[in-house]
Structures are given as structure tokens and as C-alpha cells.
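Biologist: Hi! Could you pull up the model so we can walk through it together?
Modeller: Sure, here it is.

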Amino acid sequence: MTKIPAAGGRFGEGVLSRAAALVYTLLTIELLFLAGVVPGLAGLTLLERDPGNVPLAVACLLPVGPALSAAVYALRRRSRDLADLRPAVAFWRGYRANAGGVLKIWTPWLAWLAVAGLTLANFGASGLPGWWAALLVVVAVAATLWVANALVITSLYAFRTADVARLAAYFLVRAPGATLGNLCLLVLAGGVTLVASEAALALLAFAVAAALLRNSRPMIAEIEERFTR
């Protein structure tokens, strides 16, 4: 595509043009993410915050994995050439390519969250010692940090599911900065959900995807250096 010269330089060289392109990209990705999760999000907002609804709430989160993966893919593939600005094409390409692989890691993680959530919600009647509750929370947090790594890896690379699982676990320790960053992101996401709602968090999906990608830079750099050559 031929670039059109602009006053003072080529099209897209100015700060305003780049800022407008970034806003357009983020807005497009956010709208496409919402389109991908509307059925689950609608069900989630209608559910009462009752322990008995934990399995249903977790089931409503199934569409989030592929949509978030597509957002990460689109942000990673974002072109710096403003004359070739097509975030929607990148989003749907990433969605089609990665949905199956993402669900292979996303679904077991959600199943584990459902079990942990039900156990914690009915912990008083379980007769288990108190330290079991703390252990469940720690394991749930670790599993969430693991799935964050796995989602980024699956979004960007064509590895086997078993290799994705191993790499995601390996980088929890190998890239402590990324793990800490994702832990902070998890705390912020939990805070937004508690203070506002799941819908409010969904409206910030573009920021979550961008933060995941930024936190994962050390992991991405090492994967490309060691495992993709």
C-alpha cells in the first residue's frame, strides 16, 4: 500500500498519528474481545454470588480463554506501519489458530478452580484442617500464574500442549519478574471484580492482554532464543 506524504514527514511519523493508531488498535481489540465473550459474560453477570453457582460461573468463563489469547496475539502482531493497520484481521487470525490449543489448557484450569471454589465455599462443613484452605488458595494462585504463562505461549507459538505446560511451569521460576508482574495483575483483577463487577473487568480486557504481553517479555525473549531456532 502506498503511503501518503503528510506535512512535515511521512504518514504515521507524528506522535498524534501513532497515539490515534494505538487507541484504534486497543479499542478494536476490546470490542472484538467483548464480542467473543458476550454469552459467558451475560450469564456471569446474571448469576448471584452464591457458593452453589461456582460451577456455573466457571463454565461462563470458558469463552474468555480463546478471546484473551486472540487479544494477546493481535497486540503482539501489531504493525508499526500505520498504513497497514488491521487489528481485527490479526485478532480473528489468532482466534482461529489458537482457540483449540488454548482450550486444552484453559478448561482443566477452570475445572480445578471450580473444585477449589466449591471446597472453600463449603469449607466449614468439610471437616478439613484450616491449613487446607490456605494450601488451596496457594495452589489456585500458582495455577492461575501458570495458565497466564501457558496462554501467552500458546497464543504466540505452535508448541504441543505438553510442551506448553512444561514451559509455563519452568518460566514461573525462570522469569520471576514476569511471575511477580502477573501476580500483581491477578490482585488488581480480583480487586476490580470485587469492587465493581466481572463486566467492569471485561471492559479492561485490552489492558489485561497488554499487561500480560509486557510482563512476559523475558519469557518470550528466551523462548525465541532457545526454543524456536
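Biologist: Where do Arg-166 and Asp-163 lie?
Modeller: In this predicted model, both Arg-166 and Asp-163 are in helix 7, which covers residues 161-174. They are 3 residues apart, about one turn of the helix.

Biologist: And what do their side chains do?
Modeller: The side chains of Arg-166 and Asp-163 form a salt bridge, with N to O at 2.4 Å. Side chains of opposite charge can pair when their charged atoms come close.

Biologist: Which residues are linked with them in a network?
Modeller: The network of salt bridges is made of Arg-160, Asp-163 and Arg-166. Arg-160 meets Asp-163 at 3.0 Å, N to O.

Biologist: Is Arg-160 buried or exposed?
Modeller: Arg-160 is exposed, because its relative accessibility is 58% and the cut-off for exposed is over 50%.

Biologist: How many salt bridges are there in the whole structure?
Modeller: The search finds 5. Another one to look at joins Glu-222 and Arg-174, where the closest N and O atoms are 3.1 Å apart. That pair links distant parts of the chain: Glu-222 sits in helix 11 (residues 217-226) and Arg-174 in helix 7, 48 residues apart.

Biologist: Nice one. Buried or exposed, what's the call on Glu-222?
Modeller: Glu-222 counts as buried, since its relative accessibility is 12% and buried means under 20%. Its partner Arg-174 is partly exposed, at 48%.

Biologist: What else does Glu-222 touch?
Modeller: Leaving out residues up to four places away in sequence, Glu-222 touches Tyr-170, Phe-171, Arg-174 and Phe-227.

Biologist: Let's switch to aromatics. How many aromatic pairs do you get?
Modeller: The count comes to 7 aromatic pairs. One of them is Trp-106 with Trp-109: the ring centres are 4.8 Å apart and the planes are at 50°, so the pair is tilted.

Biologist: Where are those two tryptophans in the chain?
Modeller: Trp-106 and Trp-109 are in helix 4 (residues 87-121). Being 3 residues apart there, they are separated by about one helical turn. Both Trp-106 and Trp-109 are buried.

Biologist: How are the rings of Tyr-157 and Phe-159 arranged?
Modeller: They are stacked, because the planes of Tyr-157 and Phe-159 are at 20° and the limit for stacking is under 30 degrees. Their ring centres are 5.7 Å apart.

Biologist: And how accessible are Tyr-157 and Phe-159?
Modeller: Tyr-157 is buried, at 14% relative accessibility. Phe-159 is partly exposed, with a relative accessible area of 25%.

Biologist: Which residues form an aromatic cluster?
Modeller: Phe-91, Trp-92 and Tyr-95 form one.

Biologist: Now the surface. Which residues form a nonpolar patch there?
Modeller: Leu-128, Trp-131, Trp-132, Leu-135 and Val-139 do, and together they have about 460 Å² of accessible area. Of these, Trp-132 is in helix 6 (residues 130-156). Trp-132 counts as partly exposed, at 34% relative accessibility.

Biologist: Bench question: how many disulfides turn up in the whole structure?
Modeller: The search finds 0 disulfides.

Biologist: Then what about Cys-60, buried or exposed?
Modeller: Cys-60 is buried, with a relative accessible area of 17%. Cys-184, on the other hand, is partly exposed, at 42%.

Biologist: Let's zoom out. How many helices and strands are in the chain?
Modeller: There are 11 helices and 2 strands. Reading along the sequence, the pattern is β-β-α-α-α-α-α-α-α-α-α-α-α, which puts the strands ahead of the helices.

Biologist: What share of the residues is buried?
Modeller: Of the 229 residues in the chain, 38% are buried.

Biologist: And what is the accessible surface of the chain?
Modeller: The accessible surface is about 12600 Å², and 68% of that belongs to carbon and sulfur atoms.

Biologist: Last one: how far apart in sequence are the residues that the contacts join?
Modeller: Taking contacts between residues at least 6 apart in sequence, 75% join residues at least 24 apart. The salt bridge from Glu-222 to Arg-174 also spans a long stretch, with the two residues 48 apart.

Biologist: Great, thanks for the tour!

Notes
Residues are numbered from 1 along each chain as its sequence is written. This is a predicted model: local features need pLDDT of at least 70, side-chain atom pairs count only at pLDDT 80 or more; totals for chains, interfaces and linings use all residues. Side-chain values use heavy atoms; hydrogens and water are left out. Helices (H or I, at least four residues) and strands (E, at least two) are DSSP runs, numbered from the N terminus. Buried means under 20% relative accessible area, exposed over 50%, partly exposed in between (1.4 Å probe, protein chains only). Contact means heavy atoms within 4.5 Å. Accessible areas come from the Shrake-Rupley method with a 1.4 Å probe; for residues, only the protein chains shown count as cover. A salt bridge is a side-chain nitrogen of Lys or Arg within 4 Å of a carboxyl oxygen of Asp or Glu. Rings of Phe, Tyr and Trp (its six-membered ring) pair if their centres lie within 6.5 Å; planes under 30 degrees apart count as stacked, over 60 as edge-to-face and the rest as tilted. A disulfide is a pair of cysteine sulfur atoms within 2.5 Å. Patches are made of residues with over 30% relative accessible area and no salt bridge: like charges are joined within 9 Å, nonpolar side chains (Val, Leu, Ile, Met, Phe, Trp, Tyr) within 5 Å.
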